[in-house]
Amino acid sequence: MNATGREDSLSAGDVEPRLRTRWLGRVYSFHHCLGSTNDEVARLARTGAPEGTLVVADTQTGGRGRLGRSWVSPPRENLYFSFLLRPAWQASDLPPLSLVVAVGLARGLEPFVGTLPRLKWPNDVLCAGRKLSGILVEMATEEARVAHVVVGIGLNVNQQSFPGELSGIATSLRAAAAREFPRAEVLATVLLALERSIERIYQGDRAALLAEWEERACHLGREIEVRGRDGSVRGVALGISPSGALIVRDAAGRRQEVLAGDVQPIEGFG
Ligand code: BTN
């Protein structure tokens with residue numbers, strides 16, 4: 001239920017009339033509860049589901065984040081969804097899809113928050129320095145080519161309080177805008193923006209998308225530490241490489257390209 005006492009439904013009957021996309025979400029499946037929407041889309045991909053197939057869950061029991069973390073997925077408040085892409089890409093030459101998705105997501109969220117959503121490498125969307133949304137891209141390959149890609153998005157919409165350590169780092173649209181939002185409307189709006197970003201990368205518009213990512217980034221030109229599985233790099237974040245790596249100038253003046261990890265500001269992100 002929302003503040004007006006109506007159920008804030010994500011059923012096909014509530015979402016499809018609002019959809020303005022051409023292909024993203026046109027095959028739509030809603031579940032009250034799933035382990036992980038990414039797993040469900042991967043399963044559908046193996047049965048031949050088409051590009052743009054979308055799976056939405058009201059809650060997840062095994063929601064996953066990047067770097068093996070879990071994604072806490074309480075019911076009725078937020079959006080948890082995944083969709084299927086079937087790009088004709090070689091595994092050795094992948095465009096930075098997660099950054100492209102982050103640009104689309106930030107564009108789609110702009111109408112809902114008073115301020116410009118900012119991006120934190122590689123693919124977090126922030127509002128007032130706190131995490132509003134996360135993206136998990138998982139890919140299957142067949143020999144040298146990409147067989148399919150699953151893009152999963154967790155977006156905090158109406159959640160008002162966050163447990164434990166999340167309380168200091170997470171936010172929601174409701175917290176940012178001081179009002180509740182119908183999740184179906186938010187979903188339809190971000191799907192249209194995501195479809196546009198993905199079509200741009202399919203058409204080869206990589207440089208412009210990366211430039212837009214850099215314009216929206218919260219940490220370029222600032223001192224950061226990137227913590228990864230193989231240690232950490234500290235220095236000034238300079239920009240993004242064509243493949244989506246974070247370019248950092250370390251204390252010795254060396255230019256490093258970081259492929260994976262978590263960015264921590266040396267001072268907070270505003
Ligand atoms: C991150 O910031 O670490 C990425 C979080 C991605 C969470 C979403 S929720 C929908 C989809 N299903 C999952 O299991 N994970 C993604």
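Student: Which residues in H3 meet H5 in this model?
Tutor: Keep in mind that this is a predicted model. H3 covers residues 97–109, and H5 covers residues 183–202. On the H5 side, the contacts are made by Val186, Thr189, Val190, Ala193, Leu194, Ser197, Ile198, Arg200 and Ile201. The H3 residues that meet them are Leu97, Val100, Val101, Val103, Gly104, Leu105, Arg107, Gly108 and Leu109.

Student: How do H3 and H5 lie to each other: roughly parallel or oblique?
Tutor: Two packed helices are described by the angle between their axes and the distance between the axes. Here the axes come within 8 Å and cross at roughly 140°. Angles over 145 degrees would count as roughly antiparallel. The crossing falls outside that class, and H3 and H5 are therefore oblique.

Student: What is the handedness of the crossing of H3 and H5?
Tutor: Look at the spot where the two axes come within 8 Å. The crossing of H3 and H5 there is right-handed.

Student: How far apart are the end C-alpha atoms of H5, and what span should its 20 residues have?
Tutor: Count 1.5 Å a residue, using one less than the number of residues. For the 20 residues of H5 that gives an expected span of 28 Å. The end C-alpha atoms agree with it, because they are also 28 Å apart.

Student: How many of the 20 residues of H5 are buried?
Tutor: A residue is called buried when its relative accessible area is under 20%. By that test H5 is mostly covered, and the number of buried residues is 16. Just after the helix, by the way, Gly204 takes a positive phi of about 90°.

Student: Over to the strands! Which strands pair with S7, and over how many bridges?
Tutor: Strands of a sheet pair through backbone hydrogen bonds, either parallel or antiparallel. S3, residues 79–85, runs antiparallel to S7 and is joined to S7 by seven bridges. S6, residues 130–142, is antiparallel to S7 too, and that pair has ten bridges.

Student: Which residue in S7 is the bridge partner of Met139?
Tutor: Met139 falls within S6, residues 130–142. One S6–S7 match puts Ala140 opposite His148. On the other S7 pairing, Phe81 stands opposite Ile153. For Met139, the bridge partner in S7 is Val149.

Student: How many residues of S7 are buried?
Tutor: S7 spans residues 145–155, which is eleven residues. The strand is mostly covered, and the buried count is ten.

Student: Which residue in the turn between S6 and S7 has a positive phi?
Tutor: S6 and S7 form a hairpin with two residues between them. Most residues other than glycine have a negative phi, and most peptide bonds are trans. The turn residue with a positive phi, about 50°, is Glu143.

Student: And what sits in the hairpin of S5 and S6 with a positive phi?
Tutor: S5 and S6 pair in the antiparallel sense over three bridges, with Val125 opposite Ser133. Two residues lie between these strands. The residue there counts as exposed, because its relative accessibility is 66%. Its phi is near 50°, and its name is Ala128.

Student: Is Arg76 buried or exposed?
Tutor: Arg76 is in the loop between S2 and S3, and its phi is positive, near 70°. Exposed means a relative accessible area over 50%. Arg76 has 54%, so the word for it is exposed.

Student: Where is the cis peptide bond?
Tutor: Find the loop between S4 (118–120) and S5 (124–127), where Pro122 lies. The omega value near 0° belongs to the bond that leads into this proline. The cis bond runs from Trp121 to Pro122.

Student: What is the order of the strands in the open sheet of five?
Tutor: The pairing in this sheet is antiparallel. Its edge strands, S11 (255–258) and S12 (262–265), each pair on one side only. Neighbouring strands are turned by 45° against each other on average, direction ignored. From one edge to the other, the order is S11-S10-S9-S8-S12.

Student: Which residue in S10 is the bridge partner of Val236?
Tutor: S9, residues 231–240, and S10, residues 246–250, pair over five antiparallel bridges. In S10, the partner of Val236 is Arg249.

Student: Last one: is Ser241 buried or exposed?
Tutor: Ser241 is in the loop between S9 and S10. Leaving out residues up to four places away in sequence, Ser241 touches Leu210, Ile247 and Glu257. Its relative accessible area is 3%, so Ser241 is buried.

Terms used
Residues numbered from 1 in each chain as written. Predicted model: local features only at pLDDT ≥ 70, side-chain atom pairs only at ≥ 80, totals over all residues. Heavy atoms only, no water. Pairing = 2+ DSSP bridges. Helix = DSSP H or I, 4+ residues; strand = E, 2+ residues; numbered from the N terminus. Axes fitted to C-alpha atoms, helices over the stretch in contact; angles between N-to-C directions. Buried < 20%, exposed > 50% of the residue type's maximum accessible area, 1.4 Å probe, protein only. Contact = heavy atoms within 4.5 Å. Parallel < 35°, antiparallel > 145°, perpendicular 65-115°, else oblique. Left-handed = near helix turned anticlockwise from the far one by under 90°.
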